[in-house]
Amino acid sequence: MAKWTAKLFRGISPGRCILALCASVFLAFGLYNVHSVSGVTEGGVLGLTLFFKNLLGLSPAVSGLVLNLACYLLGWKVLGREFLVYSAVAAGGFSLGYRIFELWPPLWPGLSEMPLVATLLGAVFVGVGAGLCVRAGGAPCGDDALAMSLSQLLKIKIQWIYLFTDVSVLALSLIYIPPGKILWSVATVVISGQIVGLLQRPVKTKNA
């Protein structure tokens, strides 16, 4: 057991773990206090967690972990052991952070009446939070794992992978979001994706 644990954590940087943890909590703070109250949503798995929250009342703290598993398995196969460890830290930080934030009412309930502010704030929280997690080498949510994997496999910049997956989920979100607000959502995913592209660094090696 000790040998297996030593192999799993070989080369893992505590500093990158702390970065992934803090960034994922920052992301959860924005998702709960901005996206969940403003009607401006995200794409990818983040958007799907909000989709299930609005449709079924299922907490993103639960749905996020479930939806992420398949994407993480792909990321593990493509990006390797270190990706899996950093992603476990990021995903755990996101779910724990969101669960804690749910204990209090959202800080800015009036954001539903300020779509431009919600769009920009949401883009910053998601772009910086997810971007720093990716920079640390992990993925807080399945769409980040999927985007990192596809970017590596297809040699396409990660922001364009985000754009494709985000727009697909936003089309589903038309079920509970008026078309006018979807335009704000498109704007926030474009901006957040570009922020992730600026902050991320590609994972060049695979560690077994």
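1. A good place to start is Phe83: setting aside neighbours within four places in sequence, its contacts (heavy atoms within 4.5 Å) are Tyr72, Gly75, Trp76, Gly137, Gly138, Ala139, Ala145 and Met148.

2. A word on the basis of all this: the model is predicted, with local features needing pLDDT of at least 70 and side-chain atom pairs counting only at pLDDT 80 or more, while totals for chains, interfaces and linings use all residues. Residues are numbered from 1 along each chain as its sequence is written, and side-chain values use heavy atoms, leaving out hydrogens and water.

3. Phe83 also appears in the largest nonpolar core, which has 16 residues; Tyr72, Phe83, Ala139, Ala145, Met148, Ile158 and Tyr162 have the most contacts inside it. Such a core is a set of buried Ala, Val, Leu, Ile, Met, Phe, Trp, Tyr and Cys residues joined through side-chain atoms within 4.5 Å; buried means under 20% relative accessible area with a 1.4 Å probe, protein chains only. Two or more residues each come from α4 (60-79), α5 (81-101), α6 (115-136), α7 (142-154) and α8 (158-173), and α4 gives the most, with four. Apart from this core lies another, of 10 residues, including Leu31, Tyr32, Leu50 and Phe94.

4. For the overall picture, the protein chain has nine helices and zero strands, taken from DSSP runs (H or I, at least four residues, for helices; E, at least two, for strands) and numbered from the N terminus. Of its 208 residues, 49% count as buried. Among contacts between residues at least 6 apart in sequence, 80% join residues at least 24 apart.

5. I would look next at α2 (residues 14-38) against α6: they pack at about 160 degrees with axes 8 Å apart. Axes are lines fitted to C-alpha atoms, for helices over the stretch in contact, with angles from 0 to 180 degrees between N-to-C directions. The pair is therefore roughly antiparallel, a term for angles over 145 degrees, just as those under 35 count as roughly parallel. Residues making the contact include Leu19, Phe26 and Gly30 of α2 and Leu121, Phe125 and Gly129 of α6. By class, the contact has 16 nonpolar, six polar and one charged residues.

6. Helix α6 also meets α9 (residues 179-199), where the axes come within 7 Å and cross at roughly 30 degrees, so α6 is roughly parallel to α9. This contact divides into 15 nonpolar, six polar and one charged residues. Here Ala, Val, Leu, Ile, Met, Phe, Trp, Tyr, Cys and Pro count as nonpolar, Asp, Glu, Lys and Arg as charged, and the others, Gly among them, as polar.

Notes
Buried means under 20% relative accessible area, exposed over 50%, partly exposed in between (1.4 Å probe, protein chains only). Angles under 35 degrees count as roughly parallel, over 145 as roughly antiparallel, 65 to 115 as roughly perpendicular and the rest as oblique.
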